[in-house]
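Okay, thanks everyone for coming. Let me put the structure up on the screen, and then we'll walk through a few spots together.

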Amino acid sequence: MNVHPQINDSRRSFLYQLGASLGSVALTNLLASEAAAATGPLSPKPPMMPAKAKNVIMLFMEGGPGHMDTFDPKPELTRMHKKESKLKAGQESGFKFFVGSPFGFQKVGQSGIEMCDQWKHLADPYVADELCNYRGCQAESLNHPEALFHMNTGSRLGGDPGLGAWATYGLGSENENLPGYVVMTELALPQGGAGNWTNGFLPPYYQGTRLRPTGSPILDLASQEFKSREHQRRALDELARLNQSHLESLGADDQRLRARMESYELAFRMQTEVPGVIDLSKETQQTLDMYGLNAPETETFGRQCLMARRLVESGVRFVQIFSGGWDSHDYLERGHTSRIKSVDQPMAALIRDLKQRGMLEDTLIIWTGEFGRTPDNNKRGGVYSLGRGHNNNAMTMLMAGGGVKRGAIVGGTDELGSSAVECVHPIRDLHVTLMHLLGLDDNKLTYLHAGRYKQLSQFGGEAIKELIA
């Protein structure tokens, strides 16, 4: 059927005006309507196997925290401080010397899990005994963008679906009025930007929705004063009629157009649901203080962690929070002290809050960067640079809840922290483990693209059984 050119022009204008605001956000995170609940792309799906976790909150420390400066103490490295190093590490050249950690370490909780003395709130036994510290993971790339893509999508090349996209593809979402996959960042995006939470080759329903760090988390969340809900409903109904006519004229099921059509319906529903979820005034002052919203150094990350709890509580499947500034090539003590202080209280509050609400057992929390750090650094211009280079052979990460072992240290690195030597696994095995905890089989969670069935792990992997309770 041919549509009059003037109608087409009006339609394009209307699409643009809607698509440039809340509609464009909704387009990346589409949910089926109640009428299509049984068959919608993001309607809840049963897990493939018994699941230990229903939701995931991933706390991503962009830049790569020093494992020997956070959760993997190396007394021998301290003894070797400023002595010449002949280790082969990265692509750096020049005279290299060992760098001992500027921090002391402590064993905390009944489990005696180890962490540096800068962690004050996470060291509380009520929180610390929930942690699982994995020290055996190895990355593949030494470059930030590639390593970020790899940890977040399973591919170093970019363009593949993010972890949350795979999770929502496999399980759907529990709330049709909210996105299934939500991302929070600082003002500056992580390297690679939205490529870290893209839907990739999966349908557009599974892209992550980014909430802005300042102002309204989603632009145009509230309608203009002159436009009532009834007015919006009539406008959307007319737009749906035009879109359906255009879809039929194409002679094929255009997935992108159909996704855009459904996005406007989600946007309409989000205007009712989202304000209540992001309204932190409903929280008690005690809760706000617990997350650190009363202090400038913890306010941003604390607000995001509290928002993450409210999102998973409302049925969002996968939440990611990015915290930058961990790339300490120089001024290690100053940099890591500042970054640890900014996330310590909010992280501890998140674990405590979920635990008190009975939500921790089925919410998996992951704290990680894209790779680890070297035990040595270059001496440049005759000056000892007290920092660390990139290290893809060793890193540390924390997990809590969601079916992982409590108060456990799994795997290990050599005496200097140069390489993982115990329970060594690549990132793809970490991803397989994450999906396993959600009740998803990586070998069966596939999507036909470019002539072959693709999966998160790329070529298969194995679950790290030592991490699972």
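So, to start: why does Tyr384 count as partly exposed? Its relative accessibility is 33%, and partly exposed covers whatever falls between buried, under 20%, and exposed, over 50%, so that's the class Tyr384 gets. Before I go on, keep in mind that this is a predicted model.

Where does Tyr384 sit? You'll find Tyr384 in strand β14, which runs over residues 383-384. On the surface, Tyr384 joins Phe95 and Leu386 in a nonpolar patch. Together those three have about 250 Å² of accessible area.

Now for something more covered. Take a look at helix α12, residues 427-437: 9 of its 11 residues are buried. Among them are Ile427, Leu430, Val432, Leu434 and Leu437, but Asp429, His431 and Thr433 are on the buried list too. Then, just after α12, you hit Gly439, with a positive phi of about 85°.

Last stop, the cavities. We count 4 of them at 30 Å³ or more, and I'd like to show you the second largest, which holds about 50 Å³ of space. What kind of residues line the second largest cavity, by class? There are 9 nonpolar ones, with no polar and no charged residues. The lining includes Leu59, Leu131 and Trp367. As for the elements, α11, β11 and β16 each supply at least two residues, and β16 gives the most, with 3.

That's my tour, happy to go back to any of these spots.

Terms used:
Residues are numbered from 1 along each chain as its sequence is written. This is a predicted model: local features need pLDDT of at least 70, side-chain atom pairs count only at pLDDT 80 or more; totals for chains, interfaces and linings use all residues. Side-chain values use heavy atoms; hydrogens and water are left out. Patches are made of residues with over 30% relative accessible area and no salt bridge: like charges are joined within 9 Å, nonpolar side chains (Val, Leu, Ile, Met, Phe, Trp, Tyr) within 5 Å. Accessible areas come from the Shrake-Rupley method with a 1.4 Å probe; for residues, only the protein chains shown count as cover. A salt bridge is a side-chain nitrogen of Lys or Arg within 4 Å of a carboxyl oxygen of Asp or Glu. Helices (H or I, at least four residues) and strands (E, at least two) are DSSP runs, numbered from the N terminus. Buried means under 20% relative accessible area, exposed over 50%, partly exposed in between (1.4 Å probe, protein chains only). On a 1 Å grid over the protein atoms alone, a cavity is a set of points where a 1.4 Å probe fits but cannot get out, and a pocket is an open set with protein on both sides within 12 Å along at least five of seven lines; lining residues have an atom within 4 Å of a point. Grid points are joined across faces, edges and corners, and a volume is the space filled by probe spheres set on the points. Ala, Val, Leu, Ile, Met, Phe, Trp, Tyr, Cys and Pro count as nonpolar, Asp, Glu, Lys and Arg as charged, and the others, Gly among them, as polar.
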